[in-house]
Amino acid sequence: MKINVEYVAQMKKVAGINSETVTLPDGAPVQALVTKLADDHDQPFRDVLLDANASLRKSTLVFIGDDQIEWEVLRELADGDRVTILAPLAGG
Amino acid sequence: MVQQTALTDIDRARYEWQVWTPGFGEEGQAKLKGATVLVSRCGGLGSPVAYELAAAGVGHLIIAHGGNVKPSDLNRQLLMTNDWLGRPRSESAERRLRDLNPYIEVEGINSNISEDNVAELVGRADLVVDAAPLFEERFLMNREVVRQGKVMVEAAMYDTDASLTTIVPGLSPCLACLFPEPPPAWKREFPVFGAVSGTIACVAAMEAIKTLAGFGQTLVGQMLVADLRDVEFRKMKVLRRPDCPVCGHLESPAQD
């Protein structure tokens, strides 16, 4: 299945792109998507996305469609889902 | 929530066109006149917020921003003027707001939000607009508005992206629900066009106006995410954290 990933704020900067399409096995959870993104990108991207334990940073928000997900709850993706990853921003 | 203050003939003439807004009216205007709003920092975001709130007739504005006006402020901090370079930002903000609307009270505080002043400044406000460039200041404000049960309009931007949500303690996620820890990579200096910070600032000012006057829908439990590079605006649903150390002890209303 194909998942459309969009980045917000500093995630864009470290990804070097605004969005991308990722192919995952059918039924994969969003947690697998984040693991694949970390594998596919370089260290600055992983530093913003993941903490020292290689878990998603608590302050990184993940949305499927327009809904924030609870990271601790396994959530299956569906073909064509739009996943948005938002790094905290505080510019004033 | 806000005490109404009687309108004068000058007020009626000045605010006539916005009083025509359905759901707002003279009652809404009287609420704005009776309101006190604290704006934390009057930079690229806080300047247009304060300017719009002054134009709309919010009766008392407290603007907290330390330091002096620098040349690099002037591409976005619209309350700073060239003739005030090297002089306090809070004074420049006061002057500009008073030039625009001499019928409101404007109070410039020549320091940023800190542990020393946050409780007192939040305590004097009916509503807070958070437009600070540092997470430390934002977390302080968040802690204090939750403690005092005040509404905070939380606006932020980076590059051509911006976010906005309205925090109602116990009803919406607070800033610590959204961002439990400061991001390691955040720096005080960031890429910014004044038109980007100004865009989200105007929406933030409208959130404040609607909250104070009690009309329309606000971004409670939702985050507006704007991308001015591709001109996209999305409203995203955001979640409270039951284990939030700042607001987790507050019970949500039954309908939440």
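## A tour of pockets, rings and a covered helix

Start by selecting Lys58(A), Glu70(A), Trp71(A), Glu72(A) and Arg241(B): of the 21 residues that line the largest pocket, these lie nearest its centre. Keep in mind as you look around that this is a predicted model. The space in this pocket comes to about 400 Å³. Now show the secondary structure and find β3 (61-64) of chain A and α8 of chain B, which each supply at least two residues of the pocket lining. If you colour the lining of this largest pocket by class, you will see 12 nonpolar, 2 polar and 7 charged residues.

**Next stop: the second largest pocket**

Select Asp73(B), Arg76(B), Gln77(B), Arg188(B) and Phe190(B), the closest to the centre of the second largest pocket among the 17 residues that line it. The volume here is about 280 Å³. Colour this lining by class as well: 4 residues are nonpolar, 6 are polar and 7 are charged.

**Into the cavity**

How many cavities of 30 Å³ or more are there? The count is 1. The largest cavity has a volume of about 60 Å³. To find the largest cavity, select some of the residues that line it, including Leu89(A) from one chain and Arg138(B), Glu154(B), Ser163(B), Phe179(B) and Met223(B) from the other. In chain B, look for β5 (151-158), β6 (161-167) and α8 (175-178), since each of these elements supplies at least two residues of the cavity lining. By class, the lining of the largest cavity divides into 8 nonpolar, 2 polar and 2 charged residues.

While Phe179(B) is on screen as part of the cavity lining, add Phe135(B) and Phe139(B): together with Phe179(B) they form one aromatic cluster.

**Rings that meet**

Over all chains, the structure holds 5 aromatic pairs. Zoom in on Tyr7(A) and Phe45(A), and turn the view until you see how the two planes meet. Why is this pair called edge-to-face? The ring centres are 5.7 Å apart and the planes stand at 85°, so the pair of Tyr7(A) and Phe45(A) is edge-to-face. Follow the chain from one ring to the other: Tyr7(A) sits in strand β1 (residues 2-8) of chain A, Phe45(A) sits in helix α3 (residues 43-49) of chain A, and the two are 38 residues apart. Both Tyr7(A) and Phe45(A) are buried.

Now move to Trp17(B) and Trp20(B). Their ring centres lie 5.5 Å apart with the planes at 25°, so this pair is stacked. Are these rings buried or exposed? Switch on the surface to check: Trp17(B) is exposed, with a relative accessible area of 68%, and Trp20(B) is exposed as well, at 54%.

**Arginines over rings**

Stay in chain B and select Trp84(B) with Arg87(B). Arg87(B) lies over the face of Trp84(B), 3.7 Å from the ring centre. Then pick Tyr51(B) and Arg96(B): here Arg96(B) lies over the face of Tyr51(B), at 5.9 Å from the ring centre.

**Last stop: a covered helix**

Finish at helix α4 (residues 46-56) of chain B. This helix is mostly covered, with 8 of its 11 residues buried. Among the buried residues of α4(B) are Gly46(B), Pro48(B), Val49(B), Leu53(B) and Ala56(B). Step just past the end of α4(B) to Gly57(B), which takes a positive phi of about 95°.

Conventions:
Residues numbered from 1 in each chain as written. Chains lettered and ligands numbered in written order. Predicted model: local features only at pLDDT ≥ 70, side-chain atom pairs only at ≥ 80, totals over all residues. Heavy atoms only, no water. Phe/Tyr/Trp six-rings, centres within 6.5 Å; stacked < 30°, edge-to-face > 60°. Helix = DSSP H or I, 4+ residues; strand = E, 2+ residues; numbered from the N terminus. Buried < 20%, exposed > 50% of the residue type's maximum accessible area, 1.4 Å probe, protein only. Lys NZ or Arg CZ within 6 Å of the ring centre and 35° of its normal. 1 Å grid on protein atoms, 1.4 Å probe; cavity = no way out; pocket = protein on both sides within 12 Å on 5 of 7 lines; lining within 4 Å. Points joined across faces, edges and corners; volume = space filled by probe spheres on them. Nonpolar A, V, L, I, M, F, W, Y, C, P; charged D, E, K, R; others polar.
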